Amino acid sequence: MSIWWSLHLRREAASVPLARRLLLGTMETAGVDPDICYDLSVALSEACANAVEHGGDATLGGPSEAYRVTAYLDGEKCRIEVADSGPGFARPQAFRPARADAEHGRGLCLIQELADHVHIGGKPGRNGTVVSFDKMLKWKKDPSLLTA
């Protein structure tokens, strides 16, 4: 089974739970194991929160007012991409653990812990960052999409 969707979201905090709920609903309906659903939804929330916070300036009408989320459930793997139009990274970023009491700076490390593979890069020829991550899927015994 293959399912994919893409959202173009405003860089507002309210967009983060919207993307998370859509991903959870898609995976639960497809019959993905609840633990995998949870891991990927937390990772997506962190990537979206980063896009909202760091995805560019909030100039009215500018291209950085929005970011894009795309999810692919294809066979045994889920891949998620979050792309923004912010300044991007000057050089490749290393995952450095934040201090335990830090309120910021733990999102990318958390994504790395929850996903099987993570790639963070720029958009070719443009400003912005693309965070993509994937995870191998496990399935419930009785997926509702297959029994309906």
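These legends walk through several close-up views of a predicted model.

**View 1. The whole chain, before zooming in.**
The protein chain has 148 residues, and 41% of them count as buried. Its secondary structure adds up to 4 helices and 5 strands. Read from the N terminus, the elements go β-α-α-β-β-α-β-β-α. Take the contacts in the chain with a separation of 6 or more: residues 24 or more positions apart account for 65% of them. As for the outside, about 8,800 Å² is exposed, with carbon and sulfur atoms supplying 54% of that area.

**View 2. Helices H1 and H2, side by side.**
Here we look at how H1 and H2 pack. Two packed helices are described by the angle between their axes and by the distance between those axes. For H1 and H2 the angle is about 155° and the axes are 9 Å apart. The two helices are therefore roughly antiparallel to each other, since an angle over 145 degrees counts that way. The crossing of H1 past H2 is right-handed. On the H1 side, the residues that meet H2 include Val-16, Ala-19, Leu-23, Leu-24 and Met-27. Among their partners in H2 are Tyr-38, Leu-40, Val-42, Leu-44, Cys-48 and Val-52. Arg-20 and Glu-28 of H1 take part too, as do Ser-41 and Ser-45 of H2.

**View 3. Ser-15 in helix H1.**
Now zoom in on Ser-15, part of helix H1, which covers residues 15-30. Is Ser-15 buried or exposed? Ser-15 is buried, because its relative accessible area is 7% and the cut-off for buried is under 20%. Its side chain has a polar contact of 2.7 Å with the side chain of Tyr-67. Leaving out residues up to four places away in sequence, Ser-15 touches Leu-9, Arg-10, Val-52 and Tyr-67. Ser-15 also belongs to the set of H1 residues that meet H2.

**View 4. Arg-11 and two backbone oxygens.**
Arg-11 sits in the loop between strand E1 (2-10) and H1. With a relative accessible area of 16%, Arg-11 is buried. What does its side chain reach at 3.1 Å? That would be the backbone oxygen of Ala-51. The backbone oxygen of Val-52 is another partner, lying 2.9 Å from a polar atom of the Arg-11 side chain. Val-52 turns up in the previous view as well, where Ser-15 touches it.

**View 5. Helix H2 meets helix H3.**
This view moves on to H2 (residues 34-54) and H3 (residues 107-114), whose axes come within 9 Å and cross at roughly 155°. That makes H2 roughly antiparallel to H3. The crossing of H2 and H3 is left-handed. H2 brings Asp-39, Val-42, Ala-43, Glu-46, Ala-47 and Asn-50 to the contact, while H3 brings Gly-107, Leu-108, Leu-110, Ile-111 and Leu-114. Val-42 is worth picking out, as it is also listed among the H2 residues that H1 meets.

**View 6. The two sides of helix H3.**
Which residues of H3 are buried? They are Gly-107, Cys-109, Ile-111 and Leu-114. These buried residues pack against H2, strand E4 (117-122) and strand E5 (129-136). Gln-112 is in helix H3 as well, but it is partly exposed, with a relative accessible area of 36%. Gln-112 and Ala-43 are 69 residues apart along the chain, and their C-alpha atoms are separated by 8.3 Å.

**View 7. Tyr-72 on strand E2.**
Tyr-72 is a residue of strand E2. Its relative accessibility is 34%, so Tyr-72 counts as partly exposed. Neighbours within four places in sequence aside, Tyr-72 touches Ile-3, Trp-4, Lys-77, Cys-78, Arg-79 and Glu-81. From C-alpha to C-alpha, Tyr-72 and Leu-23 are 9.9 Å apart, with their positions 49 residues apart in sequence.

**View 8. Gly-75 in the loop after E2.**
The last stop is Gly-75, in the loop between strand E2 (66-74) and strand E3 (77-83). Gly-75 is partly exposed, its relative accessible area being 31%. Ser-2 is 73 residues apart from Gly-75 in sequence, yet their C-alpha atoms are 6.3 Å apart in space. Neighbours within four places aside, Gly-75 is in contact with Met-1, Leu-137 and Trp-139.

Technical notes. Residues are numbered from 1 along each chain as its sequence is written. This is a predicted model: local features need pLDDT of at least 70, side-chain atom pairs count only at pLDDT 80 or more; totals for chains, interfaces and linings use all residues. Side-chain values use heavy atoms; hydrogens and water are left out. Buried means under 20% relative accessible area, exposed over 50%, partly exposed in between (1.4 Å probe, protein chains only). A polar contact is a pair of N or O atoms within 3.5 Å; within protein, one must be able to donate a hydrogen and the other to accept it, and residues adjacent in sequence count only if both atoms are side-chain atoms. Contact means heavy atoms within 4.5 Å. Accessible areas come from the Shrake-Rupley method with a 1.4 Å probe; for residues, only the protein chains shown count as cover. Axes are lines fitted to C-alpha atoms, for helices over the stretch in contact, and angles run from 0 to 180 degrees between N-to-C directions. Angles under 35 degrees count as roughly parallel, over 145 as roughly antiparallel, 65 to 115 as roughly perpendicular and the rest as oblique. A crossing is left-handed if the near helix is turned anticlockwise from the far one by less than a right angle, and right-handed if clockwise.
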